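This tour proceeds stop by stop through a structure opened in a viewer. Please display the whole chain as a cartoon, and keep a selection command at hand.

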Amino acid sequence: MRALVAFALVACGTVRTVPITIGPSSELLVPVVVDHHALVFQVDTGASTTAITPAVRKKLGLGIDDPFVAGDGATGALPHVERTRLGMTTIGSFTIGNLPVAVMELDSGAADGVLGMNALAIFTVEVDLARDRFTLYRGEGAWRTPDLVGVPYAQLANGQIVVPIEIDGRSATALLDLGANETYANELAAPRRDQSRVVNATIGADHHPWQFRGVDDVHVRIGDVSATVPLLVSDLPIFRELGLATRPAVILGTDALAGRRIVIAPHDRYVYISRL
């Protein structure tokens, strides 16, 4: 989804923690209150823009600012996206006012919306996949602990975060996507192995079917943190849309980060990942 540019106002505070519920497709779901309505949003660092479903827009009584916004999912252009603004969005007790959002159908029936980078980038964000906790910080917090490994990040034009990574010892660029429960690679980043398998999976906001080449037991290294995961390989259209199609690139999902704490610190421009 292409970013929607606007200014967000945040209420005073320092630290707020809410529980994470794991959805039926391993989504990271957190409680959110929008205009006094209790909702559930998926945490999605791979999305540039926060989104709600058409049913939620009607429930909130919101109008449409723009009847069509160009948007792109993992497998290509999204069929129909509108744009509106939320009055007040509260996570814990932090409140964001006048937040621009996309209105679109979501592939997860468990979520009323998606928390994208236009909301998350306001905070230092901690996602604790070991304890199922989601914490937002304003200013310095107690998240700095000796077990964290820092990796510098860059931001793409639409606000998503990319970090340097190694795939079986070869350098690549990884989009940090906590909205994905699996890790995907383009062909340039694919491990140099003869063994692979055909995997049919649905992917993206439109739940589009796609065929991948699956490679098992791939060694992924981010800074001093490593994991072994299966990799799904295909030149998905999203790599081209993000400007990553001409270099080895990976969409780094939560399977590569399972059991760890992840902290995105915009003031440092570092992603911190805990050692196991």
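With the whole chain selected, the surface comes first: the chain exposes about 11,900 Å², and carbon and sulfur atoms supply 52% of this area. Accessible areas are from the Shrake-Rupley method with a 1.4 Å probe, and for residues only the protein chains shown count as cover. The model is a predicted one, in which local features need pLDDT of at least 70 and side-chain atom pairs count only at pLDDT 80 or more, while totals for chains, interfaces and linings use all residues. Residues are numbered from 1 along each chain as its sequence is written, and side-chain values use heavy atoms, with hydrogens and water left out.

**The chain as a whole**

Colour by secondary structure: three helices and 24 strands appear. Helices (H or I, at least four residues) and strands (E, at least two) are DSSP runs, numbered from the N terminus. Of the 276 residues in the chain, 54% are buried; buried means under 20% relative accessible area, exposed over 50%, and partly exposed in between (1.4 Å probe, protein chains only). Among contacts between residues at least 6 apart in sequence, 65% join residues at least 24 apart, a contact being heavy atoms within 4.5 Å.

**Stop 1: strand S10 and its partners**

Select residues 94-103, which form strand S10. Nine of the 10 residues of S10 are buried, so the strand is largely enclosed by the rest of the structure. Next add residues 82-91, strand S9, which pairs with S10 in the antiparallel sense over nine bridges. Two strands are taken to pair if DSSP finds at least two bridges between them. Within this pairing, Leu-86 stands opposite Leu-99. S9 and S10 form a hairpin with two residues between the strands, where Gly-92 takes a positive phi near 65 degrees.

Then select residues 51-52, strand S6, which runs parallel to S10 and is joined to it by two bridges. Here Ala-51 faces Ala-102 of S10.

**Stop 2: strand S17 and its partners**

Move to residues 170-176, strand S17, where five of the seven residues are buried. Strand S16 (residues 161-167) runs antiparallel to S17, with six bridges between them; Pro-164 stands opposite Thr-173. This pair also forms a hairpin with two residues between the strands, and Asp-168 in the turn has a positive phi of about 50 degrees.

Now add residues 249-252, strand S22, which is parallel to S17 and joined to it by four bridges. Leu-176 has Leu-252 of S22 as its bridge partner.

**Stop 3: the cavity**

How many cavities of 30 Å³ or more are counted? The count comes to one. A cavity is a set of points on a 1 Å grid over the protein atoms alone where a 1.4 Å probe fits but cannot get out, and its lining residues have an atom within 4 Å of a point. Grid points are joined across faces, edges and corners, and the volume is the space filled by probe spheres set on the points.

The largest cavity has a volume of about 40 Å³. To display its lining, select Met-117, Leu-120, Ala-121, Phe-123, Val-125, Tyr-153, Gln-155, Ile-161, Ile-264 and Pro-266. By class, this lining has nine nonpolar residues, one polar and no charged. Ala, Val, Leu, Ile, Met, Phe, Trp, Tyr, Cys and Pro count as nonpolar, Asp, Glu, Lys and Arg as charged, and the others, Gly among them, as polar.

**Stop 4: Thr-124 and Pro-209**

Select Thr-124 in strand S12 (residues 124-128). Is this residue buried or exposed? Thr-124 counts as buried, because its relative accessibility is 5%. Leaving out residues up to four places away in sequence, Thr-124 touches Thr-135, Leu-136, Tyr-137, Trp-143, Val-263, Ile-264, Ala-265 and Pro-266.

Then turn to Pro-209, in strand S20 (residues 208-222). Pro-209 is exposed, with a relative accessible area of 54%. Apart from neighbours within four places in sequence, Pro-209 is in contact with Ala-201 and Thr-202.

**Stop 5: two loops with positive phi**

Most residues other than glycine have a negative phi. Select His-36, in the loop between strand S4 (28-34) and strand S5 (37-43): its phi is positive, near 75 degrees. His-36 is exposed, with a relative accessible area of 80%.

End at Asp-132, in the loop between S12 and strand S13 (133-137). Asp-132 is not a glycine, yet has a positive phi of about 55 degrees. Its relative accessibility of 30% makes Asp-132 partly exposed.

Key. 1 Å grid on protein atoms, 1.4 Å probe; cavity = no way out; pocket = protein on both sides within 12 Å on 5 of 7 lines; lining within 4 Å.
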